[in-house]
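User: Please take a close look at one part of the structure shown below, and then set it in the context of the rest of the model.

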Amino acid sequence: MPQKIDEILDLVLQEIEKGKSIEDCLKDYPQFVTELEPLLHLALAIRELPKPQPSSEAISRSLVKISETKERTTQLVPFQPAWVRIAAVILLVVLIGWSTLALSKSSVPGDVLYPIKIMSEKTQYALTLNPKRKALFHLRFADKRTEELALCLKRKNRIDKNLLNTMLNEARTALKFAEPIDRESDFLKAVQGVNQKQLAVLCEIMKCGCCREDVLAALKLCYEREYCIQYRANPKLKEEYNPYYEAWNRSCNW
Amino acid sequence: MKANSSIFNNDTSPDELAKLIKDAKRYRGEALNRLCKFVYNKIFGYTYYRVQQREDAEDLTSEVLLKMVRSLKTQHGNFLAWIYRIANNTIIDFYRRRAKRSEISIESLKQDIPSAEVSRDILTENKMRKALAHLTPDQAQVITLRFLQDYTNQEVAQIMGKTVGAVKVIQYRALKALKEYLAKEDYATKN
C-alpha cells in the first residue's frame, strides 16, 4: 500500500476511473480523507468540463495558411532521397580532400599542409609492391625534395638540414631499389637528371653565401655521384684514374 | 504505451499515425492535411483551457501547426511529445508577449467574466481557465493533459519528458493549488 499522498491520490483516481465511488476508495485511507476528498471532487469536476470542439472555419483558415507554408517549404527544400544526400556528402569529402592535396603540393617544410603532402606520398609508396616502381617513387621523392630546397631558399632564405639529408638519401635509396641497373636504361638517365638538378640547387645555395659544412659535403657527394653515374654509363672510364669511385661506392652502396 | 491508448483517438491507430507522419514528412498533400486535422483537434483541446479567449486558442493552435509543418522533416522520436512541447512553448511565448504589451488590463478580465444569464458550464470553463493561469506551467500542463485530455500518467510522463513519479507529485500539488485558488475566488465572490 502506498504511503505518499501523491501516490495514494493517483491510485484512488484510477479506482474512480474503474467505477468506484470516492467514499469507497477513501475507506482504505481514513487518515487522508480530509485532504484527498476535495481534491478528488475537483479532479472529477475538471473531467466533467465540456470538451471544446474547434470550429470548421478555424480549421479551414489554418489549413490554408499551412498549404501556403507547405508550398514555400517545398519550393525551398525539395525532397531528396537519402542516397542523394549520402552521395553529396561523399562528393564534398572527395572535393575537400582533392583540393587539400592539390594545395599541399606546393608546400615546403614548416607549412601547415606539408605533413599532408608527405602522408599522401607515403600512402602511395606503401601501396606499391614492385621494387622498380618503388625505385621510381624514391627518385620522384628526391626530385621533389630538391625542388622544396630551392623553394625554401627562395621563400624563407634558409636551408633545412633534414630536408637536405632526405634529398640525398632518397636518391641513394632509389639506386638501391633499382639494382641491377642496365647502363642503357632510362632509369640511369633519370638518376643523372635528378643529380644534376641537385647540383644546380646546391650551387645556387653556395652563390647565396650559405657555405655551411653540410651544404659543402652534399655538393661534394653530388659531384662524386655524377662521376660514378658517368662511369656506370661508360665502363671504359674505369681504366682512367677515378679518385671518387671508392667514396661513391661507400656513400651510395653501389 | 497502450495499443489503443487515448493518445490515438480521433479514429487514428498508432500504426496509422506513424504512417501518416512518415508520408506527411515527404509533404504528401493528403497525408499532411490529415495529420494537421488530427493535431488541430489535439492542440485546440490543449490550448483552449490554457488561454482566456477561444480566438486566442484558435490562433495558438494555428501557430503550432505552422511550426510543425516548418520543422516536420527534422522531427525525431515521440511525435506527440514533440508537438505538445511546441504547444507548451507557444503558450509560454504567448503569455510573455502579452506581459510585454501589458494587454491583460482590468477591462479585458471583466469581459471574460460571464453574465448571470450564461450557463453554469461556461462559468466553470472560465473559472478553470483563470485558475490554470495561476498555476506553474508544469502544473497547468499536467492538469490539462490528465483531466481535460484524459491521458494516462505514463503518457503525460512521455509528453513532458519526466518520470511517472514526478508527474504524480505535480498532479497532487496542482490539484491542491487549484483548490486553494478556487476557494479564495469563491470567498472573494461571496464577500
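At 1.5 Å a residue, what distance should the 21 residues of helix 10 (residues 213–233) of chain A span, and how far apart are its end C-alpha atoms?

Analyst: This is a predicted model, in which local features need pLDDT of at least 70, side-chain atom pairs count only at pLDDT 80 or more, and totals for chains, interfaces and linings use all residues. Residues are numbered from 1 along each chain as its sequence is written, while chains are lettered from A and ligands numbered from 1 in the order in which they are written.

Helix 10 of chain A should span 30 Å, and its end C-alpha atoms are indeed 30 Å apart, so expectation and model agree. The expected span is 1.5 Å times one less than the number of residues. Helices here are DSSP runs (H or I, at least four residues; strands are E, at least two), numbered from the N terminus.

The buried residues of helix 10 of chain A are A:Ala218, A:Leu221, A:Cys222, A:Glu224, A:Arg225, A:Cys228 and A:Ile229. A residue is buried if 20 or more other C-beta atoms lie within 10 Å of its own, exposed if 12 or fewer, and partly exposed in between, with C-beta atoms placed from the backbone. As a general point, an α-helix has 3.6 residues a turn, so residues three or four places apart point the same way.

The nonpolar cores come next. A nonpolar core is a set of buried Ala, Val, Leu, Ile, Met, Phe, Trp, Tyr and Cys residues joined through C-beta atoms within 7 Å. The largest one has 54 residues, and B:Val39, B:Ile43, B:Leu65 and B:Ile143 have the most contacts inside it. Helix 2 (residues 29–48) of chain B gives the most to this core, 10 residues. Apart from neighbours within four places in sequence, B:Leu65 is in contact with A:Ser62, A:Ile66, B:Cys36, B:Val39 and B:Tyr40; contact requires C-beta atoms, placed from the backbone, within 7 Å. A second, separate core of 22 residues includes A:Ala218 and A:Cys222, together with A:Val191 and A:Val194.

Helix 9 (residues 186–207) of chain A holds A:Gly193. A:Gly193 is partly exposed, because 13 other C-beta atoms lie within 10 Å. Its C-alpha atom is 9.1 Å from that of A:Asp143, 50 residues apart in sequence.

At the other end of the numbering, helix 1 of chain A allows the corresponding check: its 13 residues should span 18 Å, and the end C-alpha atoms are 18 Å apart, which agrees. A:Ile8, A:Leu9, A:Asp10, A:Val12 and A:Leu13 are its buried residues. A:Leu13 counts as buried because it has 23 C-beta neighbours inside 10 Å. The C-alpha atoms of A:Leu13 and A:Ala43 are separated by 8.4 Å, though their positions lie 30 residues apart along the chain. Just after this helix, A:Gly19 takes a positive phi of about 120°.

The contact between the chains takes 28 residues from chain A and 34 residues from chain B. On the chain A side, helix 1 (5–17), helix 3 (33–47) and helix 4 (56–76) give two or more residues. Helix 4 of chain A provides the largest share, 11 residues. The residues of this side divide into 16 nonpolar, four polar and eight charged, where Ala, Val, Leu, Ile, Met, Phe, Trp, Tyr, Cys and Pro count as nonpolar, Asp, Glu, Lys and Arg as charged, and the others, Gly among them, as polar.

Conventions
Two residues are in contact if their C-beta atoms, placed from the backbone, lie within 7 Å.
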